[in-house]
Amino acid sequence: LSKKDARGAINAVLETITETLSRKEQVSLVGFGTFSVSDRAARTAKVPGTDKTVDVAATTVAKFKVGKLLKEFVAGK
């Protein structure tokens with residue numbers, strides 16, 4: 001592929017992953033890993049180095065779980 005075509009393909013994949021996660025669905029890339037969405041509840045957190053506390057609002061976050069093949073490759077197995 002040319003650089004332009006490769007960039008287009010990667011952008012299409014990333015756009016699809018982003019759109020799927022925005023619908024709170026998961027995306028699995030076999031052997032590589034799984035992207036998913038998780039809800040975090042509101043909480044109170046302590047500011048390091050002080051006794052001050054702050055309220056942290058509830059939020060939705062993206063998560064990634066590494067697949068078996070990628071984990072083994074990185075570990076050098």
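A strand here is a DSSP run of E of at least two residues, numbered from the N terminus. By that count Phe64 is found in strand β5, residues 59–66. Keep in mind that this is a predicted model.

**The overall picture**

Walk along the sequence and you meet the pattern α-β-β-β-β-β-α. In total, that makes two helices and five strands. The chain is more spread out than a compact globule, because its radius of gyration is 18 Å, well over the 11 Å that the globule rule gives for 77 residues. Taken along the principal axes, the C-alpha atoms fill a box of roughly 55 × 35 × 25 Å.

How much of the chain counts as buried? Of the 77 residues, 12% do. About 6,500 Å² of the chain is exposed, and carbon and sulfur atoms supply 58% of that area. As for contacts with a separation of 6 or more, 35% come from residues 24 or more positions apart.

**The β3–β4 hairpin**

Strands β3 (residues 43–46) and β4 (residues 53–56) run antiparallel and are joined by four bridges. If you want one pair to look for, take Ala45, whose bridge partner in β4 is Val54. The two strands form a hairpin with six residues between them. In that turn sits Gly49, which has a positive phi of about 85°.

Gly49 also gives you a handy marker for distance across the model. Its C-alpha atom is separated from that of Leu29 by 41 Å, although the two residues are 20 apart along the chain.

**The nonpolar patch**

Leu29 takes us to another feature, a nonpolar surface patch of about 310 Å². Which residues make this patch? They are Leu29, Phe32, Phe64 and Val66. Leu29 lies in strand β1, residues 27–29, while Phe64 belongs to β5.

Here are two of the patch residues, side by side:

| Residue | Strand | Relative accessible area |
|---|---|---|
| Leu29 | β1 (residues 27–29) | 34% |
| Phe64 | β5 (residues 59–66) | 35% |

Why does Phe64 count as partly exposed? Its relative accessible area is 35%, so it falls between the 20% under which a residue is buried and the 50% over which it is exposed. Leu29 is also partly exposed, because its 34% falls between those cut-offs too. Patch residues need over 30% relative accessible area, so both Leu29 at 34% and Phe64 at 35% pass that cut-off.

Conventions
Residues numbered from 1 in each chain as written. Predicted model: local features only at pLDDT ≥ 70, side-chain atom pairs only at ≥ 80, totals over all residues. Heavy atoms only, no water. Patch = residues over 30% accessible without salt bridge, like charges linked within 9 Å, V, L, I, M, F, W, Y side chains within 5 Å. Areas by Shrake-Rupley, 256 points an atom, 1.4 Å probe, with all protein chains shown as cover. Salt bridge = Lys/Arg side-chain N within 4 Å of Asp/Glu carboxyl O. Buried < 20%, exposed > 50% of the residue type's maximum accessible area, 1.4 Å probe, protein only. Rg over C-alpha atoms; globule rule 2.2 N^0.38 Å. Contact = heavy atoms within 4.5 Å. Pairing = 2+ DSSP bridges.
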